[in-house]
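The exercises below are meant to be worked through with the sequence and the model in view. Each task is followed by a solution that goes step by step.

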Amino acid sequence: MSEPDDPNRFERVDWDEIDRSGRLHTPTRTAFIVAMVLFAALYALESSNVISLGWRLELLDWVILLGVAVLLSLVVVPAVRQRDLTLRVLGRLVSRPIHAAAVGFLAVLSFVAVVGPIIVGSPELAFQHRFHAPYGFTSEAGWHADCLGTMTAGEGVTRYCEGSLTYPLGTDHRGHPLGHLLIEGARIALYVLVFTAAFVVPLAAIVGILAGFRGGRIDDLLMGYVDIQLCIPAIVVFFIGYMYWNVSLLLLLVMFGLFSWGGIARLVRSETLQRREDGYVLVARSLGASPLYIAKRHIVPNITNTLIPAVFHLLALLVLVEAGVAFLGFHHIELYSWGSTIQEGLDPPLTGIGFVMDPHEIWWVSTFPAIALTLTLASLKLVGDGLRDALDPRRTH
Amino acid sequence: MSTQPHTTTPQDRSDDEEPLLSVDDLRTRIRTERETIHAVDGVSFTVNRGETVCLVGESGSGKSVTCESLTGIVPQPPAEIIGGTVEFKGRNLLEASESTLRSIRGTEIAHVFQNPQSALDPVYTVGDQLVEAITIHEEISESDARERASELLRQVGIPNAPTRIDDYPHEFSGGMQQRVAIAIALAADPALLIADEPTTAVDVTVQARLIELLRELTDGGMSVLLITHDLRVAAALADRVLVMFGGTIVERGPIEALYSQPAHPYTRSLFDSYDGLSRRGDRSARGDIPTDGCRFRDECPHAIDACAGGDQPPFYTVDDRKTHGASCLYYGPEHDPAPILHDDAAVNTLIEEPTDD
């Protein structure tokens with residue numbers, strides 16, 4: 001019953017899955033249960049030190065892992081089971097170069113976010129290498145203890161260096177390579193995306209469909225709650241949490257996640273209200289379909305053209321919010337978010353101790369994360385629009 | 001116009017046969033914030049096995065709500081079925097649980113609706129929707145279901161059914177969409193087909209072909225409850241006709257008797273409207289329909305004081321044919337129907353000229 005309606009499932013439902021009373025073992029449900037059991041077992045074994053994964057998993061990592069399990073069972077399993085349709089939709093999605101580029105960027109981002117940290121490990125402090133310019137550029141502030149590239153000028157402790165291939169994108173004030181920081185930022189962005197897609201979107205969709213489809217008191221109750229929630233600024237709640245608990249990405253995700261789904265729920269509800277009056281819903285009822293079946297098979301696919309862009313908009317928004325909060329400095333100090341890196345590039349921390357440094361002298365520290373952030377947001381929007389078009393059978397001709 | 005009683009009507013059936021569907025005093029009201037409308041206000045009729053019964057009446061007379069109340073698919077709320085019995089194969093559907101009703105819908109009683117454009121889900125191919133209709137109650141393999149779907153499409157007259165099965169609804173014309181909708185209704189081989197204005201939303205040439213298709217179905221022994229406002233459609237298909245006005249049935253009878261001698265003043269005005277003789281204004285120009293007594297009395301040229309108050313008059317036999325009844329006091333023992341019958345020349349030729357030509 002509680003299977004979340006996932007917006008990416010569409011069109012051809014495989015016929016084994018048709019809702020028959022008493023039929024519990026649909027592939028999606030089975031996958032969901034298996035994923036949850038595996039997850040719980042892993043968690044139990046790891047936390048009781050029976051097995052060791054080699055590295056320490058924080059609560060945040062567990063939550064994200066759970067999110068991955070949810071997404072795998074609710075999106076990937078149905079997509080693979082209906083691979084004809086999935087391939088057709090993907091083909092349509094990448095048929096326009098701009099959408100293909102956006103999909104490509106997000107794929108690279110995800111890959112880098114997962115594989116990158118494993119390869120390069122955690123960034124280490126290397127103050128002697130701070131403020132190295134990217135390859136092909138020359139440093140404008142003479143802060144280098146070591147020059148890795150050619151030294152262009154220098155006098156006493158002041159050295160000006162050319163960028164070197166050791167740090168192709170330059171370094172920040174701690175000597176962290178920018179490339180490394182981008183990978184770390186990508187991981188955080190992916191965390192935000194997984195958390196939102198796995199927990200926030202299903203919640204919004206279920207609440208919206210429930211309110212729109214059942215109507216009456218349930219509708220009043222749910223939408224009343226959503227209205228209240230929409231009045232509460234998430235950032236204030238986040239700051240209240242910030243005062244009492246350790247600051248963490250999880251706190252940010254939970255706070256903003258909990259307070260950001262109201263808009264989508266309202267949108268889904270209003271679409272559902274329209275769709276449930278459509279003739280095919282009445283036809284399905286006249287054929288003896290149950291409300292749950294109608295919601296899954298007829299309502300969800302028919303609201304995707306509204307839901308999908310809104311979902312991708314929310315994903316982009318939360319990535320931006322995370323960067324913004326990190327930019328303001330309310331982030332975990334060991335998490336190198338794009339937002340915090342941009343902030344460090346714009347307001348070099350060394351100025352506080354008496355040195356004067358203009359942000360433009362270390363432009364690469366803020367520019368590269370800003371480009372990565374912009375490309376991510378643009379790609380999310382483009383993929384949202386592209387996916388909507390690709391899922392609409394009326395646009396195939 | 002002949003006032004001679006028909007001595008025999010082919011639709012006279014033996015009384016001992018249990019009707020397939022028997023509706024008694026069905027009442028459905030629709031609550032809105034401003035008012036409560038008694039959309040169905042004491043409707044009784046029966047549908048026998050293999051019979052085609054036609055419910056005719058103007059827009060808003062409660063035809064659709066009646067039919068949607070039978071299987072409980074009328075949206076509740078705002079609608080509410082507040083009384084009566086709907087007996088189908090010996091079971092009272094109004095007392096049945098939702099799951100029982102679900103198992104009856106589609107397999108026993110299927111619906112076809114007016115608007116074919118919205119009856120099909122735009123995101124699925126017609127084949128998918130047919131397979132859905134087949135497998136919703138029956139566990140058969142997908143390939144078998146697709147074969148059935150293809151067969152159904154062929155049966156309702158879709159050319160090149162095996163290739164068109166993977167087309168989307170928007171690739172079909174309105175008439176073809178309605179054929180698909182009929183095929184979906186037929187998917188589980190229902191005992192009773194309820195067709196709600198199936199030919200209204202399509203153009204006249206397509207209408208004729210759809211009537212042809214429906215006639216094949218009715219001739220094939222299926223029981224059909226057909227809703228229409230079009231007397232010509234009724235003439236082409238019906239065995240018996242029920243005339244509905246203001247949520248009540250005002251006249252009922254075998255098609256030939258009723259068409260050759262429409263008895264109720266409303267029925268007569270309905271026939272007149274076909275000849276351009278109607279003196280009745282548009283619905284919006286008229287006031288509210290009374291909720292007691294004879295619902296038609298405000299517009300009836302023959303209304304008398306006795307028409308007001310109480311319930312809709314009982315059915316009085318017309319010309320002593322017990323199958324032909326009119327809910328009008330003039331046909332009662334205390335009155336003489338002559339003024340109505342001789343009021344104007346409500347002669348209609350509809351029965352002699354079936355429509356599909």
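Helices are DSSP runs of H or I at least four residues long, and strands are DSSP runs of E at least two long. The structure shown is a predicted model.

**Exercise 1. Describe the make-up of chain A and two spans that its UniProt entry lists.**

Begin with the secondary structure, which in chain A comes to 13 helices and 2 strands. Next take burial, where buried residues make up 42% of the 397 residues in chain A. Then look at the contacts in chain A between residues at least 6 apart in sequence, of which 72% join residues at least 24 apart.

Now turn to the record: an unreviewed UniProt entry lists several stretches of chain A under "transmembrane region", including residues 306-330 and 362-384. In the model, residues 306-330 of chain A are 92% helix and 0% strand, and the C-alpha atoms at the two ends lie 33 Å apart. For residues 362-384 of chain A the span is 96% helix and 0% strand, with the end C-alpha atoms 35 Å apart.

**Exercise 2. Work out how each chain is divided into domains, and what the domain 1 side of each contact consists of.**

For chain A, the assignment gives domain 1 as 15-126 + 171-395 and domain 2 as 127-170. Between them, 15 residues of domain 1 of chain A are in contact with 14 residues of domain 2 of chain A. On the side of domain 1 of chain A that touches domain 2 of chain A, the elements that give two or more residues are α5 (178-214) and α13 (363-391) of chain A. Sorted by class, this side of domain 1 of chain A has 8 nonpolar, 4 polar and 3 charged residues.

For chain B, domain 1 covers 19-108 + 192-357 and domain 2 covers 116-189. The contact takes 11 residues from domain 1 of chain B and 13 residues from domain 2 of chain B. Helix α8 (residues 204-219) of chain B gives the largest share of the side of domain 1 of chain B that touches domain 2 of chain B, namely 4 residues. The residues on this side of domain 1 of chain B divide into 7 nonpolar, 3 polar and 1 charged.

**Exercise 3. Decide whether Leu213(B) is buried or exposed, and list what it touches.**

First place the residue: Leu213(B) is found in helix α8 of chain B. A residue counts as buried if 20 or more other C-beta atoms lie within 10 Å of its own. Leu213(B) has 20 other C-beta atoms within 10 Å, and is therefore buried. Leaving aside residues up to four places away in sequence, Leu213(B) touches Val156(B), Gly157(B), Arg179(B) and Ile182(B). One of these pairings can be followed further, since Leu213(B) and Arg179(B) are 34 residues apart in sequence and 8.5 Å apart in space, C-alpha to C-alpha.

**Exercise 4. Trace the four-stranded sheet of chain B, then examine two residues with a positive phi.**

Strands of a sheet pair through backbone hydrogen bonds, in either a parallel or an antiparallel way. In chain B, 4 strands form an open sheet in the order β2-β1-β4-β5, and the pairing is antiparallel. The edge strands are β2 (36-47) and β5 (91-92) of chain B, each of which pairs on one side only. Strand β1 (residues 21-31) of chain B pairs with β2(B) over 8 bridges in the antiparallel sense, and Leu21(B) has Val47(B) as its bridge partner in β2(B).

Most residues other than glycine have a negative phi. Asp25(B), in strand β1 of chain B, has a positive phi near 55 degrees. With 13 other C-beta atoms within 10 Å, Asp25(B) is partly exposed. Glu197(B), in the loop between β7 (192-196) and α8 of chain B, has a positive phi near 50 degrees. Glu197(B) counts as partly exposed because it has 19 C-beta neighbours inside 10 Å.

**Exercise 5. Find which helix of chain A gives the largest share of the side that touches chain B.**

Start from the contact as a whole, which takes 23 residues from chain A and 32 residues from chain B. On the side of chain A that touches chain B, α10 (279-286) and α11 (291-328) of chain A each supply at least two residues. The largest share of that side, 6 residues, comes from α10(A). By class, the side of chain A that touches chain B has 10 nonpolar, 8 polar and 5 charged residues.

Note on methods
Residues numbered from 1 in each chain as written. Chains lettered and ligands numbered in written order. Predicted model: local features only at pLDDT ≥ 70, side-chain atom pairs only at ≥ 80, totals over all residues. Domains from an automatic or database assignment. Contact = placed C-beta atoms within 7 Å. Nonpolar A, V, L, I, M, F, W, Y, C, P; charged D, E, K, R; others polar. UniProt positions renumbered as here; feature names shortened; annotations may be inferred. Buried ≥ 20, exposed ≤ 12 C-beta atoms within 10 Å, placed from the backbone. Pairing = 2+ DSSP bridges.
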